[in-house]
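Let's take a walk through this fold together, starting with a sheet and ending in the interior. Have the structure open as you read.

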Amino acid sequence: MTALSVAGIGAGAGPASAADGLPASPLIRVEGNTGPAYFREVAVHEGTVIQSIGFDNVNRRLYYAQLIGGGRQLAGESAPLSGGTRDLHGDLAITEWTLGADAADGGGTGRITGYMYLRGFGHGVGFGVEPSGTSTYLWTEVDAVQDTANETSRGRRLCRFKFASSSTPLDATSTSLQKFTPVPGSVNNTASIDPINNRLVVRYSLNGMHYRIYDLAKARAGDFGTPLAEIAEPAISIDRNRFGKPSFQGYAVAGQYLYMLHGNSYGYTQDHDDNPSTPKIVISPPGEGNTHLTSVDLNTGSIVTTFHSKAGYTLPFREPEGLAIQIPQASRPDVFRLCMGFASGETPGQREASVYYKDSLIQL
């Protein structure tokens with residue numbers, strides 16, 4: 001596997017802590033070239049686009065979240081359901097990949113070793129992966145609230161459960177779920193985990209989108225009284241005439257920094273100027289796209305850098321979907337990557353998944 005290049009660390013530099021908030025940490029360089037594909041156009045359990053990704057860095061597993069595809073009938077259902085109904089109900093599929101050895105150039109190997117169905121959970125924009133011995137626990141949204149106007153749903157709370165491969169669906173009403181309400185009154189809740197510092201990240205909507213960072217052990221015990229950091233989600237500043245208003249597609253946290261992913265599939269058109277008298281434009285042209293990576297300082301809430309990424313630009317279908325932190329060697333938590341998920345595959349209903357990464361660090 002490739003080693004990280006850590007720039008800007010001079011003689012005598014040490015792990016100084018911020019005066020307030022999270023301790024200072026390395027920053028992943030979102031600008032510049034991207035590493036090779038960790039995986040390119042691999043199969044996942046469903047034929048829908050992936051929504052998010054997450055790593056169990058201890059047991060070397062990679063998880064993909066998707067909406068359940070149309071035409072599938074699960075236990076307790078009288079007939080197959082359409083993809084639109086699945087989205088409205090918040091029905092998700094999780095695919096487990098067990099990773100093999102990494103190639104010298106950073107490419108990966110692996111195979112599908114399990115899957116789960118989740119009914120009534122949400123849209124899957126983000127989820128957290130927590131290793132526990134040889135088991136893996138997932139933190140996801142739950143108790144989907146239907147948005148009939150947009151024919152989708154989002155989770156009202158968070159939950160934690162052990163991944164257990166099965167064709168029998170796990171329902172949002174199951175008593176096996178640990179459920180949490182980190183921010184009372186909030187909606188659109190999703191989770192991520194900072195695997196380097198064992199912190200839970202909660203993204204939620206309450207008078208706008210926000211992030212809170214918690215100690216993972218305390219959160220697991222239901223203690224959300226004292227966030228380690230809290231910021232409002234900043235708006236990215238890009239060329240709207242060229243890239244439009246890209247959709248939010250994922251987030252991840254490593255130390256002091258939040259990373260956000262925005263973008264749309266190739267050929268996506270949009271009324272980018274909110275003027276009905278002007279024609280829509282293609283905001284994600286093939287070969288270029290409008291994928292943007294953004295780094296944010298969690299101690300100030302300010303954007304560090306926003307960069308137009310062409311990672312995976314040769315994919316015939318390319319939609320950015322999900323961010324996650326990977327630690328290639330569990331014994332070296334200081335060596336980590338920011339991995340970007342892309343839905344790929346030319347045929348609707350037969351989508352595949354690709355993962356690219358950034359691994360250059362700077363010390364500010």
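Two strands are said to pair if DSSP finds at least two bridges between them. This is a predicted model, and in it strand β8 (residues 128–132) is joined to strand β9 (residues 135–147) by 5 bridges, with the two running antiparallel. Within this hairpin, 2 residues lie between the strands, and Gly133 adopts a positive phi near 65°. Two of the facing positions are listed here.

| Residue in β8 | Opposite residue in β9 |
|---|---|
| Pro131 | Thr136 |
| Ser132 | Ser135 |

Now step back to the sheet around the hairpin. It is an open sheet of 4 strands in the order β8-β9-β10-β12, with antiparallel pairing. Because β8 and β12 (178–180) are at the edges and each has a single partner strand, one side of each has no neighbour in the sheet. On average, neighbouring strands of this sheet are turned by 35° against each other, direction ignored.

Next, the interior. In soluble globular proteins, nonpolar side chains tend to be buried together. Here the largest nonpolar core has 21 residues, and Tyr259, Leu323 and Leu338 have the most contacts inside it. The elements giving two or more residues to this core are β2 (27–28), β17 (248–254), β18 (257–262), β23 (319–326), β24 (337–344) and β26 (360–362).

What does Tyr259 touch, leaving aside residues up to four places away in sequence? Its contacts include Leu27, Ile28, Tyr251, Ala252, Leu323 and Leu338. Another core, of 19 residues, lies apart from the largest one, and among its members are Ile50, Ile53, Cys339 and Ala343.

Key
Residues numbered from 1 in each chain as written. Predicted model: local features only at pLDDT ≥ 70, side-chain atom pairs only at ≥ 80, totals over all residues. Heavy atoms only, no water. Axes fitted to C-alpha atoms, helices over the stretch in contact; angles between N-to-C directions. Core = buried A, V, L, I, M, F, W, Y, C linked by side-chain atoms within 4.5 Å. Buried < 20%, exposed > 50% of the residue type's maximum accessible area, 1.4 Å probe, protein only. Contact = heavy atoms within 4.5 Å.
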